[in-house]
Amino acid sequence: MANDQEIHDRLTRVEEIIEQLDADECDLDKGTRLHEEGQELLAEVREILDNGRGEVVELE
């Protein structure tokens, strides 16, 4: 099972991608690659969260 760090790392990279795209620091090809990378990372996060659905975690 994934841990919080795996989700955090993916979301951090997505934030970096968004900042690059917002800053207009790339051409169309690079922007397209960044967009695809971001979509893949978000799909991985969704899968991690879906796999954890229904699991009970006890916090102390």
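Glu16 is partly exposed, with a relative accessible area of 37%. In this predicted model, Glu16 has a charged partner: Arg13, whose closest nitrogen lies 3.2 Å from an oxygen of Glu16, forming a salt bridge. Both residues sit in helix 1, three residues apart, or about one turn of the helix.

Arg13 has a second partner as well. Its side chain meets that of Glu37 in a salt bridge, at 2.9 Å from N to O. Here the link spans distant parts of the chain, since Arg13 belongs to helix 1 and Glu37 to helix 2, with their positions 24 residues apart. Put these contacts together and you have a network of salt bridges linking Arg13, Glu16 and Glu37.

Which residue does Arg10 meet in a salt bridge? The partner is Glu44, with 2.7 Å from N to O. Glu44 lies in helix 2 (residues 28–51) and Arg10 in helix 1 (residues 4–22), so this pair ties together parts that are 34 residues apart in sequence.

How many salt bridges does the count come to? The count is three, and here they are with their N to O distances:

| Salt bridge | N to O distance |
|---|---|
| Arg10 and Glu44 | 2.7 Å |
| Arg13 and Glu37 | 2.9 Å |
| Arg13 and Glu16 | 3.2 Å |

Now back to exposure. Arg13 is partly exposed, at 24% relative accessible area, and Glu37 is partly exposed at 28%. For the other pair, Arg10 is partly exposed with a value of 22%, while Glu44 is partly exposed with 32%.

Conventions. Residues are numbered from 1 along each chain as its sequence is written. This is a predicted model: local features need pLDDT of at least 70, side-chain atom pairs count only at pLDDT 80 or more; totals for chains, interfaces and linings use all residues. Side-chain values use heavy atoms; hydrogens and water are left out. A salt bridge is a side-chain nitrogen of Lys or Arg within 4 Å of a carboxyl oxygen of Asp or Glu. Helices (H or I, at least four residues) and strands (E, at least two) are DSSP runs, numbered from the N terminus. Buried means under 20% relative accessible area, exposed over 50%, partly exposed in between (1.4 Å probe, protein chains only).
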